[in-house]
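The following exercises concern the surroundings of a bound ligand. Please examine the sequence and the structure before attempting them.

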Amino acid sequence: MNWRSIWAIAKKDLKEVRQNKAAWGPGIVVPLVFAIIMPMMFIILPQVIPVEDVQRELGDLDVMLRAMPPALQALFEGKSLEQMFVLYMAGFMLAPLFLIMPLMFSSVIGSDSFVGERERKTMEALLYAPTSDMELFLGKVLAAVIPAIGLSWITYVVYIIVVNVASYPLFGEIWFPLPTWYPLMLWMTPALAVLGISATVLISSRVRTFMEAYQMSASLVVLVLALVAGQISGVLFLGVGTTLVIGSIIWLVDAALIYLSVKKFKRSALVAKL
Amino acid sequence: METIVEVNGLERTFGQNRAVDGMTFHVKQGEVFGLLGPNGAGKTTTVRLLNGILPPSGGTARVFGFDPATDGQKIRQQTGVLTESPALYERLSARENLEFFGTLAGIPENTLGQRVLDILKFFGLQERVDDKVETYSKGMKQRLALARALVHEPPLLFLDEPTSGLDPEAAQQVNELIAGLNERSGQTIILATHNLLEAQRLCDRVAVLNKGRILAMGSLTELTSKLWPTMWVDITFWQVPSESAWGAVKGQRGVRQVTGQGEAWQVQVESAEVIPQIVQQLAGQGASILKVIPRDYTLEDIYFALQAGEK
Ligand SMILES: Nc1ncnc2c1ncn2[C@@H]1O[C@H](COP(=O)(O)OP(=O)(O)OP(=O)(O)O)[C@@H](O)[C@H]1O
Ligand SMILES: [Mg+2]
């Protein structure tokens with residue numbers, strides 16, 4: 001395995017993605033919304049809207065509270081209405097929404113590097129390079145996975161800072177991240193980044209253009225929206241244990257998809273599609 | 001000279017289509033070998049098979065002693081390929097393109113930068129190294145693609161239609177560069193083309209292909225003598241020569257027939273050696289010779305004769 005070649009491929013792909021606005025556009029907008037605009041709204045909202053509205057929101061909270069493990073329920077004890085609202089919104093309700101990021105970033109970059117390479121008719125020269133199929137594959141996968149995880153983690157860090165700073169006057173302490181966030185950030189986020197790219201590789205052999213691949217892999221976001229719905233309705237509350245289990249299932253799916261994509265990503269198959 | 005490419009009964013089918021249909025040829029080190037054929041003859045497919053990026057359906061091939069079907073990577077380390085379309089990263093600069101491919105080819109980090117600049121300079125692109133390739137003209141792109149194929153100094157170079165789509169001036173420039181490569185560094189070149197003049201200019205030997213099969217193979221003179229065992233000479237006189245001159249030439253050994261009349265004759269001979277003897281004979285007869293022109297066959301004549309024979 002020649003790592004110098006693998007990194008060269010990954011770096012080359014990222015340089016190319018940088019030139020594709022449709023690919024990196026969401027990479028800027030989504031973190032901005034998630035890490036800055038959303039938390040600011042949650043934290044400012046309860047201080048400006050009427051108390052009755054906050055109370056109505058907290059009616060929904062009851063459903064979720066009942067689904068929570070006791071250790072987390074304890075977090076809400078002895079809190080003021082405003083504090084409970086912020087805790088609920090910033091700490092729980094939309095937490096799974098963040099999982100859109102690794103999935104989306106890796107499938108967008110993957111679409112550009114796997115399908116875009118063919119669409120722009122540059123694949124042939126690459127196939128003639130003295131690299132193995134596996135090195136080519138790894139280079140392209142890393143080009144998607146590393147920035148997807150990195151960008152997600154940066155967004156988490158910014159979110160943590162924004163939440164703590166903005167809610168400091170309300171709480172008087174640094175209270176975020178909550179324990180449920182660690183498996184989400186460290187276990188589920190990488191799993192979804194890998195899911196995004198491996199699904200995209202499989203999709204890429206069936207579509208002709210970057211846009212088609214982008215749209216098809218975007219449908220994976222439904223998966224994350226299901227988790228969001230589960231969280232809000234209290235049907236599937238993402239506690240530490242649940243997150244670890246779901247994350248592990250995703251990793252297993254990843255392993256299967258990666259196995260299939262490696263089998264598909266062969267020069268002999270790629271050359272037929274030039 | 002060492003044989004570096006050996007192809008025996010190589011086949012590749014796509015469904016019912018026999019893209020490469022039992023090709024056999026050898027290429028020696030330092031040769032410029034042409035794969036000459038019309039669209040769909042199987043030129044690009046052959047290049048792909050020899051570099052191990054497409055598996056064959058039958059037959060064998062050895063490049064530097066390696067089997068492309070199993071050791072493609074080892075072969076690709078020693079080959080450079082100019083693909084049919086330039087296949088450059090248009091959004092990257094020339095330097096970035098070459099540094100990328102140079103890295104994949106294993107050029108050490110500490111010499112890569114200089115090597116890239118040197119080759120860009122050699123191809124006359126030194127002023128545009130950091131411009132995006134999308135701003136290049138077609139001819140410049142082709143030269144850059146050639147530079148990419150050569151950046152790691154491969155001993156064997158494949159050129160797939162190196163001048164297609166270029167204007168005559170750019171085409172000539174590229175052809176001169178190619179001719180120079182073989183002369184300067186003795187690089188072995190396999191040139192796929194449907195351009196007869198190009199093949200004639202550059203190739204030591206050609207294989208004339210059609211529908212995946214080799215119709216004929218050899219140097220231009222070999223092919224000519226195979227197709228036309230005799231040759232024609234046009235002789236023009238200043239004044240109409242005597243009757244006896246006609247008879248003398250006709251009776252000469254190696255002369256098949258004499259046609260024409262007055263001061264323009266056409267003489268069919270068995271080989272070129274006969275021509276000086278005819279001239280001597282005529283001079284002895286006191287004929288005033290103005291011009292003696294042996295008819296040369298071009299690759300074009302060969303090509304069309306073979307294509308006609310095929311039908
Ligand atoms: N991946 C493929 N799938 C199906 N058929 C193919 C494939 N590649 C080549 N062919 C067929 O094989 C034959 C030879 O094609 P090839 O590209 O080798 O010809 P060529 O001599 O390079 O022609 P051109 O001058 O047009 O480049 C053609 O009939 C072509 O349609
Ligand atoms: Mg071709």
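The exercises below, each with a worked solution, treat a predicted model.

**Exercise 1.** Determine where ligand 1 lies with respect to the chains and which pocket it takes up.

*Solution.* Begin with the chains: ligand 1 is placed between chains A and B. Next, consider the pockets: the largest pocket is the space that ligand 1 takes.

**Exercise 2.** Describe the residues around ligand 1 by proximity, by class and by secondary structure element.

*Solution.* Step one concerns proximity. There are 14 residues around ligand 1, and those that come nearest are Gly40(B), Lys43(B), Thr44(B), Thr45(B) and Glu84(B). Step two concerns class. The shell around ligand 1 consists of 5 nonpolar, 6 polar and 3 charged residues. Step three concerns the elements. In chain B, β2 (17-28) and α1 (43-50) each provide at least two residues of this shell. The largest share, 3 residues, is contributed by α1(B).

**Exercise 3.** Identify polar atoms of chain B that lie within 3.5 Å of an oxygen atom of ligand 1, and state how much of the ligand the protein covers.

*Solution.* Take the side chains to start with. A polar side-chain atom of Thr44(B) is 2.6 Å from an oxygen atom of ligand 1. For Asn17(B), an N or O atom of the side chain lies 3.0 Å from an oxygen atom of the ligand. Then turn to the backbone: an N or O atom of the Lys43(B) backbone is 2.8 Å from a ligand oxygen atom. Lastly, consider coverage: on its own, ligand 1 has 640 Å² of accessible area, of which the protein covers 70%.

Note on methods. Residues are numbered from 1 along each chain as its sequence is written. Chains are lettered from A and ligands numbered from 1 in the order in which they are written. This is a predicted model: local features need pLDDT of at least 70, side-chain atom pairs count only at pLDDT 80 or more; totals for chains, interfaces and linings use all residues. Side-chain values use heavy atoms; hydrogens and water are left out. A residue is near a molecule or strand if one of its heavy atoms lies within 4 Å of it. A polar contact is a pair of N or O atoms within 3.5 Å; within protein, one must be able to donate a hydrogen and the other to accept it, and residues adjacent in sequence count only if both atoms are side-chain atoms. Accessible areas come from the Shrake-Rupley method with a 1.4 Å probe; for residues, only the protein chains shown count as cover. On a 1 Å grid over the protein atoms alone, a cavity is a set of points where a 1.4 Å probe fits but cannot get out, and a pocket is an open set with protein on both sides within 12 Å along at least five of seven lines; lining residues have an atom within 4 Å of a point. A molecule sits in a cavity or pocket if more than half of its atoms lie within 2 Å of its grid points. Helices (H or I, at least four residues) and strands (E, at least two) are DSSP runs, numbered from the N terminus. Ala, Val, Leu, Ile, Met, Phe, Trp, Tyr, Cys and Pro count as nonpolar, Asp, Glu, Lys and Arg as charged, and the others, Gly among them, as polar.
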